[in-house]
Amino acid sequence: MTPPVQEANINFTYTYPTESKGQTFLAPAPSGRLASDKLTLLFEKEPRPAGLGTEERVEFVLPKGKQKAGLVGTYTLSSQPDPGQGEVLATYERPAYGTGIYLNKYSGNSHRLEGSFVITEFNSARQLISGSYTFTIRNAKDPYVYLAVGSQADSRRDCEIKSYGTFTEIPLL
């Protein structure tokens, strides 16, 4: 039996009023878990050392009650103003390495997300999953600037965050 490809290619574009920047990376250790109540996929730019953050982290959670037969299909993203209407909760984090500052976290529970999550293949015998995703977070605050804990005002500039990616043969543990 061939070992799984286990690859997750992640792309980000950050658009500000006067500039844009982006990045693309392969998640070095993409992971997935199919539990009795949900499917979780996690893609990080680098593995998290104990107690420290990482540069980028994207997580998808698909509750059991929203899963299609055989998992394969296109799913809507949870989004404000009513996250319960979506099927998959997407979360993007850009944590800082220091203490005393807030985590930059964006999800359908707190922001308006547009996009979809697609499972193109699920090999139940080998417990491998493949697919793609896309999401846009409009009216976000700059994820590259952090606020100190206790800050009263958020003066970070506005930004639109777009991400898309593909994942191939991620083992579900």
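H111 counts as buried in this predicted model, because its relative accessibility is 19% and the cut-off for a buried residue is under 20%. The residue sits in the loop between β8 (104–107) and β9 (113–123). Apart from neighbours within four places in sequence, H111 is in contact with S79, Q80, K105, Y106 and I137.

The loop that holds H111 belongs to a chain with eleven strands and zero helices. From the N terminus on, the order of elements is therefore β-β-β-β-β-β-β-β-β-β-β. The radius of gyration of the chain is 16 Å, close to the 16 Å that the globule rule gives for 173 residues, so the chain is as compact as a globular protein of that length. Along the principal axes, the C-alpha trace spans about 55 × 35 × 30 Å.

Of the 173 residues in the chain, 44% are buried. Among contacts with a separation of 6 or more, 61% are between residues 24 or more positions apart. The chain exposes about 8,800 Å², and carbon and sulfur atoms supply 51% of that area. As for charge, there are 18 positive and 18 negative side chains. The centres of these two sets lie 3 Å apart.

The aromatic side chains are the next topic. A pair of aromatic rings is described by the distance of the centres and the angle of the planes. The count for this chain comes to twelve aromatic pairs. One of them is formed by Y14 and Y144, with 5.2 Å centre to centre and 85° between the planes. This pair is edge-to-face, because planes over 60 degrees apart fall in that class. Y14 lies in strand β1 (residues 7–15), while Y144 is in the loop between β10 (128–141) and β11 (158–171), so the pair ties together parts that are 130 residues apart in sequence. Are the two partners buried or partly exposed? Y14 is buried, with a relative accessible area of 1%, whereas Y144 counts as partly exposed at 28% relative accessibility.

A second geometry appears at Y133 and F135. Their ring centres are 5.7 Å apart and their planes are at 25°, so the pair is stacked; the cut-off for stacked planes is under 30 degrees. Both Y133 and F135 are buried. These residues also belong to a cluster linked by ring pairs, together with F43, F60, Y75, F117 and F167.

How values were computed:
Residues are numbered from 1 along each chain as its sequence is written. This is a predicted model: local features need pLDDT of at least 70, side-chain atom pairs count only at pLDDT 80 or more; totals for chains, interfaces and linings use all residues. Side-chain values use heavy atoms; hydrogens and water are left out. Helices (H or I, at least four residues) and strands (E, at least two) are DSSP runs, numbered from the N terminus. The radius of gyration is taken over C-alpha atoms; the globule rule is 2.2 Å times the number of residues to the power 0.38. Buried means under 20% relative accessible area, exposed over 50%, partly exposed in between (1.4 Å probe, protein chains only). Contact means heavy atoms within 4.5 Å. Accessible areas come from the Shrake-Rupley method with a 1.4 Å probe; for residues, only the protein chains shown count as cover. Lys and Arg count as positive and Asp and Glu as negative; His and the chain ends are not counted. The place of a charge is taken as NZ of Lys, CZ of Arg, CG of Asp or CD of Glu. Rings of Phe, Tyr and Trp (its six-membered ring) pair if their centres lie within 6.5 Å; planes under 30 degrees apart count as stacked, over 60 as edge-to-face and the rest as tilted.
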